[in-house]
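Trainee: I have a model open and I'd like to learn how to read its features. Can we go through them one by one?

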Amino acid sequence: MKNFQVIEHPLIKHKLTLLRDENTGTKDFRQLVNELARLLAYEVSRDLPLEDVQVKTPLTTTVQKQLSGKKVVIVPILRAGLGMVDGILDLIPAARVGHVGMYRDEKTMQPVEYFVKMPNNLEDRHIYLVDPMLATGGSAIAAVDALVKRGAKKENIKFICLVSAPEGVRAFTEAHPDIQVYTAALDEKLNDNAYILPGLGDAGDRLYGTL
Ligand code: PRP
Ligand code: URA
């Protein structure tokens, strides 16, 4: 599928298996989501632009590289996306953080937006939209719409998730064909309640102990 990438790495696979395990408790779940987000962000940030900069070492002066241009903003989809923020900030500590509050209505499975707060000049930023789960795709599609409505450029948005379902990937890439999706795993399908199989259950509840 165009613009869709499963990031393959032994550490990612191992940590994701631990995350799926129903015996993994809240503390470890939170830690693993952070570690996975950091590993994914390392791959996703490969194409950040660089520029030359002069630096004086203790021995001489040399021209080396530094990040250039647009600044990164991490945008978690609340609640579960919040669990991925710190892992990415470990790698890109100067990033800004915006928030999109979105929950799935339990009956209709449709996303309901309840909070949006973004840094200014969204049009000039690289945006990493993050959520552990891409199930029907409704939340991620609506989150992108909320960003675009506030000035974000689609070509600057990347969506990063941990577990995705084919149904959600299809819906998202149809709605936003120009946005790159990165995931740690593409699972089998959704169940009748639109939960991902095999999945990991309810990411927000497992992160925050609200089961
Ligand atoms: C979960 C998850 C995604 C959404 C995915 O959030 O974190 O945001 O469901 O499902 P979708 O692709 O079908 O839209 P949830 O609505 O459970 O809210 P929460 O993070 O506050 O628990
Ligand atoms: N949201 C979750 O947290 N888990 C799923 O499997 C689907 C949606």
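Mentor: Let's start with pockets, and keep in mind that this is a predicted model. The largest pocket holds about 690 Å³ of space.

Trainee: Which residues are the closest to the centre of the largest pocket?

Mentor: Those are Tyr-103, Arg-104, Tyr-195, Asp-202 and Gly-204, out of 31 residues that line the largest pocket.

Trainee: And which elements give two or more residues to that lining?

Mentor: Three strands and two helices turn up: β4 (72–78), β6 (99–104) and β9 (133–134), plus α4 (138–149) and α6 (203–208).

Trainee: How do the residues of the lining of the largest pocket divide by chemical character?

Mentor: You get 16 nonpolar, eight polar and seven charged ones. When you read such a split, remember that Tyr counts as nonpolar and Gly as polar.

Trainee: What volume does the second largest pocket have?

Mentor: About 180 Å³. Its lining includes Leu-48 and Pro-49, the run Leu-67, Ser-68, Gly-69, Lys-70, Lys-71 and Val-72, and then Ile-92, Pro-93, Ala-94 and Ala-95. That lining divides into eight nonpolar, two polar and two charged residues.

Trainee: Let's zoom out. How many helices and strands does the protein chain have?

Mentor: Six helices and 13 strands.

Trainee: How do I read the radius of gyration of the protein chain?

Mentor: Hold it against what a compact globule of that length would give. For 211 residues that would be near 17 Å, and the protein chain has 18 Å, so the two agree. For the outline, take the box along the principal axes: the C-alpha atoms fill roughly 65 × 40 × 30 Å.

Trainee: What about contacts and burial?

Mentor: For contacts, look at sequence separation. Among contacts in the protein chain with a separation of 6 or more, 63% come from residues 24 or more positions apart. For burial, 48% of the 211 residues count as buried. The accessible surface of the protein chain is about 11000 Å², and carbon and sulfur atoms own 51% of that.

Trainee: Now a single residue. Where is the place of Asp-105?

Mentor: Asp-105 sits in the loop between β6 and β7 (111–117).

Trainee: Why does Asp-105 count as partly exposed?

Mentor: The partly exposed class runs between the 20% and 50% cut-offs. Asp-105 has 25% relative accessibility, so that's where it lands.

Trainee: And which residues does Asp-105 touch, not counting those up to four places away in sequence?

Mentor: On that count, Asp-105 touches Gln-110 and Val-112.

Conventions
Residues are numbered from 1 along each chain as its sequence is written. Chains are lettered from A and ligands numbered from 1 in the order in which they are written. This is a predicted model: local features need pLDDT of at least 70, side-chain atom pairs count only at pLDDT 80 or more; totals for chains, interfaces and linings use all residues. Side-chain values use heavy atoms; hydrogens and water are left out. On a 1 Å grid over the protein atoms alone, a cavity is a set of points where a 1.4 Å probe fits but cannot get out, and a pocket is an open set with protein on both sides within 12 Å along at least five of seven lines; lining residues have an atom within 4 Å of a point. Grid points are joined across faces, edges and corners, and a volume is the space filled by probe spheres set on the points. Helices (H or I, at least four residues) and strands (E, at least two) are DSSP runs, numbered from the N terminus. The radius of gyration is taken over C-alpha atoms; the globule rule is 2.2 Å times the number of residues to the power 0.38. Buried means under 20% relative accessible area, exposed over 50%, partly exposed in between (1.4 Å probe, protein chains only). Contact means heavy atoms within 4.5 Å. Accessible areas come from the Shrake-Rupley method with a 1.4 Å probe; for residues, only the protein chains shown count as cover.
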